[in-house]
Amino acid sequence: MALVSADSRIAELLTELHQLIKQTQEERSRSEHNLVNIQKTHERMQTENKISPYYRTKLRGLYTTAKADAEAECNILRKALDKIAEIKSLLEERRIAAKIAGLYNDSEPPRKTMRRGVLMTLLQQSAMTLPLWIGKPGDKPPPLCGAIPASGDYVAKPGDKVAARVKAVDGDEQWILAEVVSYSHATNKYEVDDIDEEGKERHTLSRRRIIPLPQWKANPETDPEALFQKEQLVLALYPQTTCFYRALIHTPPQRPQDDYSVLFEDTSYADGYSPPLNVAQRPSCPPLSDTWD
């Protein structure tokens, strides 16, 4: 019943999203006439080579209207983004419920049958579709936006992707990409699943061995302080793997769609670092202390 209820709510949200998209276009079309008037007024001023009180008053009124139109369109777009976020959340809840119930559809097979190439593609798509934080004027990026860490009392939810410090078969410890299964407040420990089907292990780990991954991308154009900075030490997901390794930020993103360029620690190179490699904003997180419980 829970899956059916989620499907019904998703269908409702998609209908509401469609209406909001139509409203956005209608608002944009409505405001276009005013923007054309602003352009024509400036052209007349240039032709006459003067700024008269009439033009000042006219432009003030036109720009006031344009500002109100832009704010109205922005409010509609924010509502649409909220709908998209709710849809994604419901889809994730449905996926987790199906996983628990052992139900999988044709497009989402059980992990034991998922080929590694498919897994890499899904991870890449997940990183690319990480939502961009878009705050209102004066808003500061929240925790788990870009480089901003989670609050001290934050508990990752089931289904969240995290970096997890686990013991490998050879006894060495490594950071892996994992998915949260549950958290026990009694023991302060997580249960997480290795995201890699080849490992397909469940680990019970203390909070100190878990780093929640970003839930929003930071916009370099509006919130550069929420990005990792050049030469900052991070844990980054090595391309085409599900393991995190220490790396230095070589170049932060310049645009919202850009990746980080990082230098992975690698003793096979003379300077101890690999050539620059690109990693997405999501598979990057600050390293924790080397002391473990």
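Which residue in β7 is the bridge partner of I176? Keep that in mind while I set the scene. What you see above is a predicted model.

Confidence comes before anything else. The protein chain has a mean pLDDT of 87. Of its residues, 87% reach 70 or more. Confidence peaks in strand β8, residues 260-264, at 96. The lowest value belongs to strand β10, residues 284-285, with a mean of 66. Then there is the stretch 289-293, where the pLDDT is below 50. Beyond near neighbours in sequence, residues 289-293 have 10 contacts in the model.

Now back to the opening question. The partner of I176 in β7 is C243. That bridge belongs to the pairing of β2 with β7, residues 243-251. Those two strands run antiparallel, and 2 bridges join them.

Let's stay with β2, residues 173-184. β2 also pairs with β1, residues 161-167. Here 7 bridges join the strands, again antiparallel. Find V166 on your screen: its bridge partner in β2 is Q174. Together β1 and β2 make a hairpin, with 5 residues between the strands. Look into the turn for G171, which has a positive phi of about 95 degrees.

Next, β2 and β3. They run antiparallel as well, joined by 6 bridges. S184 stands opposite K189 in β3. This is another hairpin, with 4 residues between the strands. Which residue there takes a positive phi near 55 degrees? N188 does.

A quick reminder on reading these strands. In a regular strand, side chains alternate between the two faces of the sheet.

Follow β3, residues 189-194, and you meet D194. Is D194 buried or exposed? Its relative accessibility is 10%, and under 20% is the cut-off, so D194 counts as buried. What does the D194 side chain reach? The backbone nitrogen of D196, at 2.9 Å.

On to the rings. The count comes to 6 aromatic pairs. I'll show two of them.

Start with F228 and Y260. Their ring centres are 5.9 Å apart and their planes sit at 50 degrees, so the pair is tilted. This pair links distant parts of the chain, 32 residues apart. F228 sits in the loop between β5, residues 210-212, and β6, residues 233-237. Y260 is in strand β8, where confidence is highest. How exposed are the two residues? F228 has 1% relative accessibility, so it counts as buried. Y260 also comes in at 1%, and Y260 counts as buried too.

Then take Y238 and F264. This pair is tilted too: 4.7 Å centre to centre, with 55 degrees between the planes. Again, distant parts of the chain are linked, here 26 residues apart. Y238 lies in the loop between β6 and β7, and F264 in strand β8. What is the relative accessible area of Y238? It is 34%, so Y238 is partly exposed. F264 is buried, with a relative accessible area of 2%. Which residues form one aromatic cluster? Y238, Y245 and F264.

Let me pull the strands together. β2 is joined to β1 by 7 bridges, to β3 by 6 and to β7 by 2. β8 supplies Y260 to one of the aromatic pairs and F264 to another. And when you rotate the model, remember residues 289-293, where the pLDDT is below 50.

How values were computed. Residues numbered from 1 in each chain as written. Predicted model: local features only at pLDDT ≥ 70, side-chain atom pairs only at ≥ 80, totals over all residues. Heavy atoms only, no water. Buried < 20%, exposed > 50% of the residue type's maximum accessible area, 1.4 Å probe, protein only. Polar contact = N/O pair within 3.5 Å; in protein donor to acceptor, adjacent residues only side chain to side chain. Pairing = 2+ DSSP bridges. pLDDT = per-residue confidence, 0-100. Contact = heavy atoms within 4.5 Å. Phe/Tyr/Trp six-rings, centres within 6.5 Å; stacked < 30°, edge-to-face > 60°.
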